[in-house]
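Biologist: I'd like a close look at one small part of this model, and then a walk outwards from there. Could you take me through it?

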Amino acid sequence: MLPVPVKVDAEVAAEKFRQDLDWLSSDRAVQLGLRLVEQQLMYAVVKMKGVRSDGVEDDYYVRLGAEYYDKWPPAAAFVKPETWELAGPGTRWFPSIQCQGISWFGLHAPYNANKVMLPQLLCFTFTAEYYMVPHSPPPESVWKQGYHTLSATLARLAEVLKHPHYKGPSGP
Amino acid sequence: MESNVANEKPRTVTIEVHNEDTGKKPIKLEGESTDLVQSFITKLYDALHTTQKPEDRLRCGKSEVNVFAYAKLTIVDFERHHCASPEWIFAGATGGASCCPCQ
């Protein structure tokens, strides 16, 4: 079983987080439609695009938290615009994702199993919350401090927010 | 589909690989147009200081063609018939939802 995330030194986490957020100005991040819209010491909000099968695009906001970074991945959650409060299922700001041909992503709100309750779980190995739930992933898919960065988190999210996985907002 | 490149003058092919796991500066791979795609893949793993794992993905450009599937082609044939983009995207294994399947 993998160790549960423990908060790291805030100063160290904030500095590493700040450095790695620079990736959002790279060509690749721009290609993926990612845009940094809020940056604080211990969190950032990234605007992402959901792209439906007919090409219609929907904006989403993902809040990344640095509390465990980069010993563990960033905490990640879909949030509402402006307030950055957690987006609830069945609302405009929470996407509907049905994975096609991939088995590495799950999206739950709330998650309540294995004696763990989380308001939201972006279930893949590049979020901190993933490690708060008992999992036994293949070793090669586990977050490696010093190798993986938040680019891994955001690039995978950009991938599932596209056709054929992305279906649209989960509510009005 | 493979073309006969024997009569063509070899040229240098440069591929930039974005490593989505690290977000670091793209890795530049150079080779001759007559080289196999596999030789570019080998150079990539040399640069990454690791070996290929079954769940690794290497996609070409916006079409996201699976580069590994064409390892035996020459790079020029791969460019002509499958993906002409000089940008590839690498992503290592991702684990996740086997215990909490995708909704």
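Where in chain A is His163(A) found?

Modeller: Keep in mind that this is a predicted model. His163(A) sits in the loop that links α3 to β10 (166–169) of chain A. As for how open the spot is, His163(A) has 13 C-beta neighbours inside 10 Å, and buried would take 20 or more while exposed would take 12 or fewer, so this histidine counts as partly exposed.

Now for its company. If you skip the neighbours within four places in sequence, His163(A) is in contact with Val51(A), Arg52(A) and Ser53(A). Gln100(A) is another residue to look at: 63 residues separate it from His163(A) in sequence, yet the two C-alpha atoms are 9.1 Å apart in space.

Follow Val51(A) and you get into a sheet. Val51(A) has Glu57(A) in β3(A) as its bridge partner. The strands involved are β2 (residues 43–51) and β3 (residues 57–65) of chain A, which run antiparallel and are joined by nine bridges. They belong to an open sheet of four strands in chain A, ordered β1-β2-β3-β4 with antiparallel pairing. At the edges stand β1 (35–39) and β4 (75–79) of chain A; each has a single partner strand, so one side of each is left without a neighbour in the sheet. On average, neighbouring strands here are turned by 30 degrees against each other, ignoring direction.

Go back to the loop and look at the helix it comes from. α3(A) lies across β2, β3 and β4 of chain A, and runs at about 25 degrees to β2(A). That helix also matters for the contact with chain B, which takes 31 residues from chain A and 20 residues from chain B. On the chain A side, β6 (106–108) and α3 (150–160) each supply at least two residues, and α3(A) gives the largest share, four residues. Sorted by class, that side has 16 nonpolar, eleven polar and four charged residues.

Finally, zoom out to the whole of chain A. It has three helices and ten strands, and from the N terminus the order reads α-α-β-β-β-β-β-β-β-β-β-α-β. Its radius of gyration is 15 Å, close to the 16 Å that the globule rule gives for 172 residues, so chain A is as compact as a globular protein of that length. The C-alpha trace spans about 45 × 35 × 30 Å along its principal axes, and 44% of the 172 residues are buried. Of the contacts in chain A between residues at least 6 apart in sequence, 54% join residues at least 24 apart.

Note on methods. Residues numbered from 1 in each chain as written. Chains lettered and ligands numbered in written order. Predicted model: local features only at pLDDT ≥ 70, side-chain atom pairs only at ≥ 80, totals over all residues. Contact = placed C-beta atoms within 7 Å. Nonpolar A, V, L, I, M, F, W, Y, C, P; charged D, E, K, R; others polar. Rg over C-alpha atoms; globule rule 2.2 N^0.38 Å. Pairing = 2+ DSSP bridges. Axes fitted to C-alpha atoms, helices over the stretch in contact; angles between N-to-C directions.
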